[in-house]
Every structure is written in C-alpha cells, then in structure tokens.
Amino acid sequence: MEKHDTRDSLASFLEDAEISSCITHIERVGAAQAEYAEFPSGVDRRLRDALSARGVERLYTHQREAWDMAAAGKDFVVVTPTASGKTLCYNLPVAQALLDDPDARALYLFPTKALSQDQQAELNALVNAGSLPIRAATYDGDTPQSIRAAARESARIVISNPDMLHSGVLPNHTKWIKFFAGLRYVVVDEMHSYRGVFGSHVANVFRRLVRIAAHYGAHPRFILCSATIGNPDELATALIGRDVVAITNNGAPRAEKIVAFYNPPLVDEVQGIRKSSANESMRIAGRLLSHGTRTILFARSRLRVEILAAYLNDSFKNIYNDNNRIRVEPYRSGLLPSERRDIERGLRDGSVHGVVSTNALELGIDIGGLDAAVIAGWPGSLASFWQQAGRAGRRSGASMAVYVASSSPIDQYLIDHPQRFFGSMAENARIDPENPYIYADHVKCAAFELPFRQGESFGADLEAALGFLEENGTVRLTGGRWYWSDSGYPAEKLSLRSATSDNIVILDTTRGRNEVIGEMDRPSAKELVFDDAVYIHRGRQFIVTKLDIENHQCLVEERELNYYTDAIVKNDIKVLSEDERMGTDGLVIVTGDLLVRSSAEKFKKLRFHTNENIGYGEIFLPSEEMQTRSVMLVFPEHGASGKSLAVLGMLERAAVLSSFCSIIRSLAPVQLLCDRSDLGASWRVMDDHWQSPAVYVWDRYPGGTGLSEALAANTGTILEAALGRISTCDCENGCPSCIGVADDSFSGVSNRKAGTARLLHDALAELSTGKEADQP
C-alpha cells in the first residue's frame, strides 16, 4: 500500500465531486501548542533517566497537576482528550511511590483485556528504559496458571480488569495478602466507560476492594482517567464513594483535525429514504484506503462490522497484485485473544491498513497512527464520538473524521445541528450502585470474602440486604457477624456486563472441527444465534444448527449464503408500581416499576447489499422476563393530547402512537448518555392499567440504572427535539429520518406523520400550560 502525503489525500477526498455534494458541514479544529511544566524536584533520578530515554524531558501542565494531587494524598480524575498523555499522569506518581517503598503495590484496572495488554507493553518500556526495580504483570482471564502465582507474589503493579478483580482476585484475597497489605494506588483508566449497568457493578466492586484492603491495613488512593463527559467528578465520586478532584485543563499539543458531516443522498424523496449509511461509510473508507490513507471505520454492531470488512476486502480483491496490497480486518468483541492481538500488532506495524471496528477500538489501545476515522452513525454520546474521531491522528500531522449519518431520526437531527458536537456540554454519565439487584449480589460477594460486622458500612442499606439474604439461607448471624452460609462462591455466577452470567459458547462444527470461535450472553444469543440464524465471524458465514441454552453452547457450520438474519422481538408489559408523577393532568408522566416479558418469535432473512426481505423463519425459544424501571406517558381523554388521539380512528391512533413511541426512543439518547438499545419501548391504544392511551419507555436492565428517572426529567426537551425533527423532514408521511417507515399494518394510514406532529405539539402545550399532575 503506497503512502501519500496525508494533507494531499484528505484535500483530494474533500474535493471529490461525489463526496462534496453530500457534505453538509466541515469543521476545522485547529492545532494547539503544548503547555509545559517542569519536573517536580522529588522525582527519583532513575525515573527521570528512564523518562528521558523515552524522550520525555518536560511534563505537560495537566501531568504536573496530577503529580501535585497525588503528592497531596488526594483522589483525582484526569479528564483530557485522546492522546494527551494521561498515562504519565498515573505512571509517574505510582512509579515514584514504588521506588520510595519496596513493599508498595499498585493495581491498574482497564475495562478490556486489550487495554491491559497495551498498558503492560507501555510499563515494560518505561521500566526497561531505566532498569527500574518495578515488575508489572497482567492478571486476567488470558493469563496462564503458571504465571498467576508469580504475579501475586512478586508483581509490584498488577494490571487487570474489573471482571477479574471481581471474580478472580477479591474472592481469593487470602492468596494476595502481600499485595493488599502494600496497596498504595488503584488506577482506573477509561472511567467514562463505567456507566449504566457496568458502572453500577464496578462501583460495588470498588466497595469490596476498599473493604479487603482495609482488612489488611491498606488505604489506597484512586487515580482515575476519563474522556470528556459532563460530570467527571460526580461519576468518579459515585464510583469510589469518596470526594474526587477533577483535572480538566489539557496541556498536550493537538494536531489539526478536519471533521466532515456526510449525509447520504436521497434515493426516494417522497418516502425520505437515503442510501445506506453502512454502504456509504464503506465506500468512503474504501476511497480513503485506495489513496493511501490508513483508515478505521466504526460500525454499530458486531454483525455490521463483519459484513463491512468482508465487503471492503472484496472491493480490493485482485489475485495479481495481492488485493491491491490493502488488508482490512474486522475488530469486535467475541474474537479470540490471539486474533485481537494479531490485528492490533498489524495496525501498529502497518501490515493492516484498515480496520472495521465496533466501539471495542474506541478506547485507548495503541494501534499506531491512523489518518482517518469514518464513523457510521451516531455512536451514542459526544464522549464516544470524540474518542472514535481521536483514533485518527495523534499529536502531529493532519487527520480527518467523517461522520456518516444514517436515516435514523437521531442522525438526521444531529446533521441539522452540528453545533452540538462543538459547542455543547457533554452528556452526564449515570450509575446506580444501589440498584437492588446489583447491590444484593455484591453484598453476597462481600459476605463470602469477609464476614460483615454488625453496624459495618457498605452502601445504602446493608442491614436490610443482609436480613433478606438471611431469610433465604445465604448468610447467618453469629456472634455479631454475618457469615456466608451458602454453597459455592457467588462472584462466579455474577456477570458485571450483562443481566446474566450465562454466556453461550459458539462452536464451529464444520466437518467435525468442534472449535470455539466466539461467545455471547444468553439474552443476546436468543436474538442473534437462534436456530437457522446466520452468524458472521471475521468475514466467514455460518448457519446456526443448534442453540443449546441448557448446555450453554451454540453449534454452527460454515456456509456460503446471500443473506443475513434479524430477529423480531415481542414485548409484554405489566405495571408493578407508580412511584412518582410529573407532567400535568393532561399529560401524566409516571416513573415506576415494570415487568417486561420479551420473546423473539420470528426472524427476517435480509439479502446482503440490498437489505431486501427474502423470507421469514420461526424462533422457538423461551421468553426472557425482568422487572425494571420505566417512564410511562399517559394521555387522558380530557387533555389536549388525549383529545387529538380521540378524534382519530382506531388504526390511525395506533399508527400515531407507534410513530410517537419510535421517535421518542430514537432521540432520547441525545439527552442521555446511553444507546438506543439500552431503552425498550412500547405503546398501547387503550392501556389496561391506565384506561387511556399510553407509551412506555424502560431501562433494559433488571432494576434499572437511572435512565428512566433521567428520561422523565428531560421529557420536554426530547419532545421538542422530536417535533423539530418531524417539522424539518421533507417526506410526505414518515420516513426513516423522522418517524420511520410504516409497518405493513399501518401502510394505509395517510396522516401518520401529521398526527404524530399534532400529538407532540399538544403534549408540549400541556407541559407548558397544564395543571401539575397529582401524586399517586
């Protein structure tokens, strides 16, 4: 792959007539000079020499501020952009502490195994540069048993992830006595990724960590690092349960970056249908790669990553010149560790020229210097967008990020409002460590690790949780202490990243291979790898021959197919409680508990490239059931919004409520730091519980994680954004860019778009002028 001057390649790309006609906005983020500070006088000479050998002669101002905070014994969080030198913010004070005290230890936590391996290489380079007496060791699920004992006994810095800390370290703390007794620092990188369900779990893991360390006489300080979010100090405080100081001034230099907004052309102006954002992203990435621009393409799902990587490689296929000497690889969760590391190594050494990735490469893994990032659709938050854009270009040399909008309402809204990327406050991250399901599970884990003393502090309501567990025979109270009395150890059964710890292993049985090629959590498996589903792994297509839920395995065989599959999921709901009423008498907004029963009953077969529906299939699997938190929007017949629905026929009313529900769910992530898939939604023309039309939006995790409460507080803002999106959309009666294309059952409803706009208008009028709703 011939390398061209990056500036020339980017300029040529932007001047291309086929590209420029669809670019709606270009923002040029100028370069910035570095702001330096001198090394503190207390830095060990050996450490100074090691840094000097690696080209570090001065500190950036935020690195010096981090040193000063650490020296003052404070917990702090560093919030600066990608490639700003956050690593030295913790490596410097930690290395100094370990040089000062030979018994001192540190724990580094990263959200992924790939990041752990990357940090191991970074630390090794620093240690080797100065022959420092500091041994770092990675301790995760991929670490061989023969190395684990040495890591426990002799490693000064242990690099791991919250999952391993939760299930492998804390339950076995008696093997780690030397480590815990000397624990001085806990480093938490990529803090912004610890939100929602995962963050709520991790906050409880940190409670358990601090408790174990205190048992051995240690009181470690926390150093956290994060991409830009709206509330870094609040999130950090919620995670570790202590006050945290935020360092937000960035002293690192910044190279010039071009951010281009690309809206695919319309293919049907009447229906408002645009060319596929996935196909357009692939075309853009292919054009950049063919001109020598090393490119990363971010896609929204594992399936999409595999499809796009396969398409790109096919586009370069040529047996005479080694596929134009361009190699593109897919990168996603579910790949084997050896496969992930091979791709990362190829990106660093240049043998891999392009990569199609989920957000797995959004985090700070060292993948060398890429020149362009193509972002296919809204990644869920401003923090994620800038993390993905930051994967192209480091501290020198021009780079570009191309945001390719899909037809979805949220993408079209953002294409119309590019200022949100540059002038808006970043979203707030939310966690709920007191979620009753999450909290109770970690109380079990903590009781297994150490008996609880009566009166001990651990979260919001320890006594109530222990009393509940005692009733079930999980713990017993003896001599003023609560002891674990159940069988097994609870951490083994508790996943930090999903609603269930039941993972499904995917086995390739083609011609008797019986080879593990991936894994997936149980709820996802029911919607993605059901019998006769198409599973794609690194560009290869497999047909699912058997999903065996009971034995936690999915059997697949390699096939050549011209379609992929998509499950159709049905939800049944039941209101369990009404906790708080907001809104008005004419538009009642209620937060409360909801029972949701989900089942995948059918699937569609969609042709590659065209997405044409070529058939259906049946799915025969048991439903998933959960209790969660929900926002309920109720439209009583005496309110303006209820009246606007009442004048419609039954089919029209159903079509309008369906459209209203769809656009609210689509645009809610603009205000909440979440993904559309984190929210479930449904509607009822005449709800059994409310005896009125109603729309439900719920948190797709048992017990909720605070999204429903945040959604209730932002309902007015979301309704305004939805009405604005419909008003500015040129389609006649609904399209993917506003309320979506009508289902078959609503295809004959001619006033679906106008009816949805009227409902939104009346709902907003109710919120601004109506009488406040009565409390339950």
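1. Two strands are said to pair if DSSP finds at least two bridges between them. In this predicted model, strand β4 (residues 76-79) meets that condition with strand β9 (residues 221-226): the two are joined by four bridges in the parallel sense. Within this pair, valine 77 is placed opposite leucine 224 of β9.

2. The β4 and β9 strands belong to an open sheet of seven strands, ordered β6-β7-β5-β8-β9-β4-β10, in which the pairing is parallel. At its edges stand β6 (136-138) and β10 (245-247); each has a single partner strand, so one side of each lacks a neighbour in the sheet. On average, neighbouring strands here are turned by 20 degrees against each other, direction ignored. As background, strands of a sheet pair through backbone hydrogen bonds, either parallel or antiparallel.

3. One helix may be described together with this sheet. Helix α10 (residues 196-215) lies across β5 (105-109), β8 (183-188) and β9, and its direction is at about 170 degrees to that of β8.

4. Alanine 104 deserves attention in the same region. This residue is located in the loop between α5 (86-100) and β5, and it counts as buried because its relative accessibility is 0%. Although 79 residues separate alanine 104 from leucine 183 in sequence, their C-alpha atoms are 6.0 Å apart in space. When neighbours within four places in sequence are left aside, alanine 104 has contacts with Ala97, Leu98, Arg156, Gly182 and Arg184.

5. Helix α5 also packs with helix α4 (residues 61-71), at an angle of about 40 degrees and with the axes 8 Å apart. This angle makes α4 oblique to α5, and the crossing of the two is right-handed. From α4 the contact involves His62, Gln63, Ala66, Trp67 and Ala70, and from α5 it involves Leu88, Cys89, Leu92, Pro93 and Gln96. By class, the residues of the α4 and α5 contact are seven nonpolar, three polar and no charged.

6. A second helix pair is formed by α3 (residues 45-53) and α6 (residues 113-130), whose axes come within 8 Å and cross at roughly 115 degrees. The helices α3 and α6 are therefore roughly perpendicular to each other, and their crossing is right-handed. On the α3 side the residues in contact are Arg46, Ala50, Leu51 and Ala53, which meet Leu126, Ala129 and Gly130 of α6. The α3 and α6 contact residues comprise five nonpolar, one polar and one charged.

7. Backbone angles merit a separate remark. Most residues other than glycine have a negative phi. Serine 131, which is not a glycine, nevertheless has a positive phi of about 50 degrees; it is situated in the loop between α6 and β6. Glutamate 190, also not a glycine, has a positive phi of about 55 degrees and is situated in the loop between β8 and α10.

8. Is each of these two residues buried or exposed? Serine 131 counts as exposed, because its relative accessibility is 64% and the cut-off for exposed is over 50%. Glutamate 190 is buried, because its relative accessible area is 8% and the cut-off for buried is under 20%.

9. Further along the chain, five strands make an open sheet in the order β23-β22-β26-β25-β24, with mixed pairing. Here β23 and β24 (534-537) occupy the edges, each with a single partner strand, so one side of each is without a neighbour in the sheet. The average turn between neighbouring strands of this sheet is 35 degrees, direction ignored.

10. Two antiparallel pairs of this sheet can be followed in detail. Strands β22 (residues 503-508) and β23 (residues 515-521) run antiparallel and are joined by six bridges; isoleucine 506 has glycine 518 of β23 as its bridge partner. The hairpin of β22 and β23 has six residues between the strands, and in this hairpin arginine 511 takes a positive phi near 50 degrees. Strands β25 (residues 540-548) and β26 (residues 553-558) likewise pair in the antiparallel sense over six bridges, with valine 544 opposite valine 556 of β26.

11. Finally, a helix is placed against the five-stranded sheet. Helix α13 (residues 302-315) lies across β23 and β24, and runs at about 65 degrees to β24.

Technical notes
Residues are numbered from 1 along each chain as its sequence is written. This is a predicted model: local features need pLDDT of at least 70, side-chain atom pairs count only at pLDDT 80 or more; totals for chains, interfaces and linings use all residues. Side-chain values use heavy atoms; hydrogens and water are left out. Axes are lines fitted to C-alpha atoms, for helices over the stretch in contact, and angles run from 0 to 180 degrees between N-to-C directions. Angles under 35 degrees count as roughly parallel, over 145 as roughly antiparallel, 65 to 115 as roughly perpendicular and the rest as oblique. A crossing is left-handed if the near helix is turned anticlockwise from the far one by less than a right angle, and right-handed if clockwise. Contact means heavy atoms within 4.5 Å. Ala, Val, Leu, Ile, Met, Phe, Trp, Tyr, Cys and Pro count as nonpolar, Asp, Glu, Lys and Arg as charged, and the others, Gly among them, as polar. Buried means under 20% relative accessible area, exposed over 50%, partly exposed in between (1.4 Å probe, protein chains only).
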